[in-house]
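Biologist: Please take one part of this model, a single helix, and describe it closely. I would then like to see it set within the rest of the protein and its ligands.

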Amino acid sequence: MGSHLPQGPSIWRQAASVVLAAGWTRAGTAAAPSSPPPPAKDFRLLMLKRAASQGFMPGAYVFPGGVVDAADRSDDWLRLFAPRQGPPHFGLKPAPRPRAAFPDVAPAPDAGALPDDVARRICAVREAFEEAGVLLLRPRSAPEPAGPTRQLTCAFQPPSGLAAWRARVRSDPREFLQLCAHLDCTPNIWALHDWSGWVTPFARSSPGRRFDTTFYLCCLCQPPPVDPDNAEVVDSQWLSPSEATESFISKKIWLPPPQFYEVRRLENFASLSTLHKFCLDHASEISERWLPITLVTADSMLQLLPGDELYVEDPYYIENHLCTEKKTEEIMKEGKRFHRLVIHNSHLYSVHVTIQSKYKHIYPKSYTVSKSHL
Ligand SMILES: CC(C)(COP(=O)(O)O)[C@@H](O)C(=O)NCCC(=O)NCCSC(=O)CC(=O)O
Ligand SMILES: Nc1ncnc2c1ncn2[C@@H]1O[C@H](COP(=O)(O)O)[C@@H](OP(=O)(O)O)[C@H]1O
Ligand SMILES: [Mg+2]
């Protein structure tokens, strides 16, 4: 057992990430009626390339996000949200968050009056600004909707002089509250929908870096301008789920397993409006948080997710892999109840799902690549 690692919830740093799905109208949509354009998704996802110098997942394309800072939990936010919003729910739909008993990731103690969920949303909004220059803010004077908004959100138009503010926020996250106060806005926590949670699995290559990351999803009416900070992130791309998959398979981008799973999951949605409606209708039901468990086979690797017949809720595997001398094909032939990713190699993953979510979430369809790629 990896006894050099601390045990218990403290091994995971609290983090938050936001999947930005923006409406995408294609040029030349005025095609002649006789030649209708092929169906295509009307949304794209913002993916940011992590710098090669990053200690964790260098070069990977991920959604904006990062570690929750003490500033995200500050009681000072209460004054900015007041008088219209505040404890206990801050105008969010009260979400009984189903927390899986395994792994034992204790929720961060609510700092003062700011619930952990609100702090994580503020973190995701701050990180989107720091990393991509995208501001997910709402003017304090904007008319309610209290609770999740039915309208698609637009990113806040960045006023001039923002580069200096961004530099200040990047060097001190407390400055984000000052920026919001200066703009008379609050972070638009209501535009972020609970989507998923990923707890970093054990990996020998980066033993100390593990995160308990909440993924939120935000539907934007149109893609805002994106400006990578050129420090933590060095490139940005708006990609449809199928474009992201193709770019990954053709080695143009590298996606870590959770991001690949989420891209495949989002392939289920034909349009931004169906995705947005799904988020609104299931806001309080779809919170699932998973610790993948790695099964090393004779020729590749599987990441098992809860519900898979080989998934084991055993604390031993928080710091260890499962191992088998069998080949992946044999393991796959033996089983029926699948919720797993097969990592054939660094640019070839397949997804196998034969179960349904207990919490009304939607899982990806099984996705396998042709044998010629193997
Ligand atoms: C938002 C992060 C937590 C990054 O935080 P940072 O910007 O470095 O402060 C990001 O890591 C994230 O979105 N994490 C999601 C869950 C996670 O940690 N996944 C790691 C998967 S890597 C893996 O499975 C093993 C592998 O194949 O490399
Ligand atoms: N110029 C830079 N190049 C690469 N990584 C950087 C960087 N500036 C900060 N980072 C790293 O980015 C991480 C902060 O990301 P975020 O703000 O998204 O949480 C930190 O990593 P660690 O979390 O490994 O300490 C930090 O060291
Ligand atoms: Mg980050």
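Modeller: A residue is called buried when its relative accessible area is under 20%, exposed when it is over 50%, and partly exposed in between, using a 1.4 Å probe and the protein chains only. Helices (H or I, at least four residues) and strands (E, at least two) are DSSP runs numbered from the N terminus.

This is a predicted model, in which local features need pLDDT of at least 70 and side-chain atom pairs count only at pLDDT 80 or more, whereas totals for chains, interfaces and linings use all residues. Residues are numbered from 1 along each chain as its sequence is written, chains are lettered from A and ligands numbered from 1 in the order in which they are written, and side-chain values use heavy atoms, leaving out hydrogens and water.

The part I have chosen is helix α5, which spans residues 241–249 and whose buried residues are Pro241, Ala244, Thr245, Ser247, Phe248 and Ile249. As background, an α-helix has 3.6 residues a turn, so residues three or four places apart point the same way. The buried residues of α5 pack against the strands β2, β9 and β15 (348–353) and against helix α6 (257–266); contact here means heavy atoms within 4.5 Å. Just after α5, lysine 251 adopts a positive phi of about 65°.

The wider setting is a protein with eight helices and 15 strands. Of its 374 residues, 55% count as buried. Among contacts between residues at least 6 apart in sequence, 74% join residues at least 24 apart.

Two of the partners of α5 also contribute to the largest nonpolar core. Such a core is a set of buried Ala, Val, Leu, Ile, Met, Phe, Trp, Tyr and Cys residues joined through side-chain atoms within 4.5 Å. The largest one has 44 residues, and Leu20, Trp77, Leu136 and Phe176 have the most contacts inside it. The elements that each supply at least two of its residues include β2 (43–50), β9 (233–239) and α2 (116–132). Helix α2 gives the most, with eight residues. A second, separate core of 40 residues includes Trp195, Leu266, Leu272 and Phe278.

The ligands come next. A residue belongs to a ligand's surroundings if one of its heavy atoms lies within 4 Å of that ligand, and a polar contact is a pair of N or O atoms within 3.5 Å. Ligand 1 is surrounded by 17 residues, with Arg50, Phe56, Met57, Thr200 and Gln303 the closest. Its oxygen atoms include one that is 2.8 Å from an N or O atom in the side chain of arginine 50. A polar side-chain atom of glutamine 259 lies 3.3 Å from an oxygen atom of ligand 1. The protein covers 87% of the 660 Å² of accessible area that ligand 1 has on its own, as given by the Shrake-Rupley method with a 1.4 Å probe.

Around ligand 2, the surrounding residues include Arg13, Arg209, Ala231 and Glu232. Strand β4 (65–67) and helix α2 each supply at least two residues of this shell, and β4 gives the most, with three. An oxygen atom of ligand 2 is 2.3 Å from an N or O atom in the side chain of arginine 209, and a polar side-chain atom of glutamate 232 lies 2.8 Å from an oxygen atom of the ligand. The protein covers 63% of the 570 Å² of accessible area that ligand 2 has on its own.

Conventions. A polar contact is a pair of N or O atoms within 3.5 Å; within protein, one must be able to donate a hydrogen and the other to accept it, and residues adjacent in sequence count only if both atoms are side-chain atoms.
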